[in-house]
Amino acid sequence: MDDLVSLCARRGFVFPSSEIYGGINGFWDYGPLGVELKNNLKAIWWQRVVRERDDVEGLDSSIIAHPRTWEASGHVEHFSDPMLDCRACKKRFRADQLDEAGHCPAREGSSEHDFTEPRRFNLMLSTRIGASEDAASIAYLRPETCQSIFNDFKRVREVSRQPIPFGIAQIGKAFRNEINPRNFTFRSREFEQAELEYFCHPSERGKWFEHWRDERLRFHRDLGFAEGCLRTRPHAQEELAHYCQAALDIEYRFPFGWQEIEGIHDRGDWDLTRHGEFSGKDLGVTDLETKERFVPMVIETSVGIDRTCLALLANAYEEQSLDDGETRTVLHLHPAVAPIKVAVLPLSKKLAEPARELARELRRGMSVFYDDAGNIGRRYRRQDEAGTPYCVTYDFESLTDGRVTVRDRDSMKQERIGVGDVRAHLRERVELGS
Ligand code: GAP
């Protein structure tokens with residue numbers, strides 16, 4: 001993990017937010033490579049979950065919703081962790097993580113913390129809207145993106161004229177005042193979720209739960225997670241909320257253990273019923289054929305974009321010993337998520353003109369990095385570390401035979417390809433099939 005965190009900072013994938021002020025716990029910034037990785041992941045999710053289906057609509061709702069939303073959802077009352085404060089060092093700990101509290105740095109004669117009784121600590125971050133300071137102006141930064149999907153269910157269904165079953169999907173920021181943010185971006189206070197709420201008839205909830213479980217597993221497998229690093233963990237009966245018939249986590253084996261990257265939940269009719277009650281609006285639907293009136297059941301898939309990026313990076317990271325006794329650090333990222341698809345590297349600055357021309361041509365369809373400075377071996381290593389799947393080297397022979405060398409990041413094998421064929425050659429290799 002330490003090596004990965006250091007690579008992420010050194011190469012500009014992810015680093016602490018407000019670093020010049022010493023950082024701010026639980027907040028992270030994605031640099032030039034990180035933002036490309038993240039955008040690629042989100043685009044693949046959107047492509048798979050929204051664009052390739054005619055039964056899913058997209059949404060981009062505001063981060064701040066009407067405060068009643070969070071009363072209806074139960075977050076105001078229940079979204080809390082039990083926590084204890086140490087009276088001596090003033091640090092706060094989650095009651096279920098006391099074994100990690102360590103020694104108290106502030107007590108003399110004893111290294112034990114002086115804990116208060118457990119208290120519930122609401123994890124929603126609040127803010128105020130408008131100029132007044134009264135309670136009515138308090139609002140919350142959403143702790144999950146799905147509640148606005150329920151708020152907008154009626155409107156989206158009407159405008160899209162979707163019959164049940166259908167889904168609404170969105171990607172966006174969520175905020176939780178986590179007591180102990182940790183494990184790099186794994187548990188942060190600001191993060192992104194990609195959520196789908198799929199609305200179906202009560203008789204079909206089992207069928208759609210299985211459908212989405214299989215679809216989501218296929219998505220993660222297609223991203224190239226190594227065999228044995230991905231598993232599902234169905235929730236035991238006693239873990240399920242009363243309205244929930246089934247739930248499972250998709251887990252990745254991080255360097256710090258098996259942890260959830262995505263949750264798939266049968267949420268029943270809880271959300272629409274509650275929002276119906278609190279808003280006074282009827283969120284039920286009528287089956288056009290049978291005329292049956294019912295509140296749809298919801299199957300949810302909720303994946304953390306930051307956690308999946310972290311899993312992708314952890315999965316891709318390798319320090320490889322080479323035959324010549326050297327080691328190289330390489331990120332074996334799936335080309336579809338790799339921040340840079342191809343680096344164009346002329347062997348000499350004298351070849352800059354035709355090499356730049358090739359880079360310009362390739363840029364029309366993919367992210368390209370151009371670098372004509374320094375030793376070619378070192379330039380390859382820098383691209384290996386960034387996870388760039390292909391390097392194209394333009395040499396003096398290219399001027400006469402019209403061919404360039406394409407180097408594969410993982411095998412380090414090189415092949416000569418006609419300059420005019422490079423774009424097509426790469427395009428089919430850097431896309432994720434459906
Ligand atoms: N709407 C359901 C929901 O929000 P969740 O299990 O609380 O369910 C879903 O969150 C996903 O969001 C998790 O699987 C995880 O990937 C991501 N996530 C949750 N809390 C997070 C945090 N503090 N930091 C980073 N990602 C988080």
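**Exercise 1.** Which of the 20 residues around the ligand come nearest?

*Solution.* Keep in mind that this is a predicted model. Start with the shell, meaning the residues with a heavy atom within 4 Å of the ligand. Then pick out the ones that come nearest: Glu 144, Glu 178, Ser 188, Glu 195 and Glu 260. Next, sort the shell by chemistry: you get ten charged residues, six polar and four nonpolar.

**Exercise 2.** Find the side chains whose N or O atoms pair up with ligand atoms, taking Arg 176, Glu 178 and Arg 307 in turn.

*Solution.* The cut-off to use is 3.5 Å between N or O atoms. Begin with Arg 176, where a side-chain N or O atom lies 2.9 Å from an oxygen of the ligand. Move on to Glu 178: here the partner is a ligand nitrogen, at 2.8 Å. Finish with Arg 307, whose side chain has an N or O atom 3.5 Å from a nitrogen of the ligand. As for cover, the ligand on its own has 560 Å² of accessible area, and the protein covers 91% of that.

**Exercise 3.** Work out where the ligand sits and which strands supply its shell.

*Solution.* First, the site: the ligand sits in the largest pocket. Second, the strands: β10 (190-200), β13 (257-268) and β16 (297-304) each put at least two residues into the shell. Third, the top contributor: β13 gives the largest share, five residues.

**Exercise 4.** Put the site in the context of the whole chain.

*Solution.* Count the elements and you find 13 helices and 23 strands. Then check burial: of the 434 residues, 50% are buried. Last, the C-alpha trace spans about 75 × 75 × 50 Å along its principal axes.

Note on methods: Residues numbered from 1 in each chain as written. Predicted model: local features only at pLDDT ≥ 70, side-chain atom pairs only at ≥ 80, totals over all residues. Heavy atoms only, no water. Polar contact = N/O pair within 3.5 Å; in protein donor to acceptor, adjacent residues only side chain to side chain. Areas by Shrake-Rupley, 256 points an atom, 1.4 Å probe, with all protein chains shown as cover. 1 Å grid on protein atoms, 1.4 Å probe; cavity = no way out; pocket = protein on both sides within 12 Å on 5 of 7 lines; lining within 4 Å. Sits in = over half its atoms within 2 Å of the grid points. Helix = DSSP H or I, 4+ residues; strand = E, 2+ residues; numbered from the N terminus. Nonpolar A, V, L, I, M, F, W, Y, C, P; charged D, E, K, R; others polar. Buried < 20%, exposed > 50% of the residue type's maximum accessible area, 1.4 Å probe, protein only.
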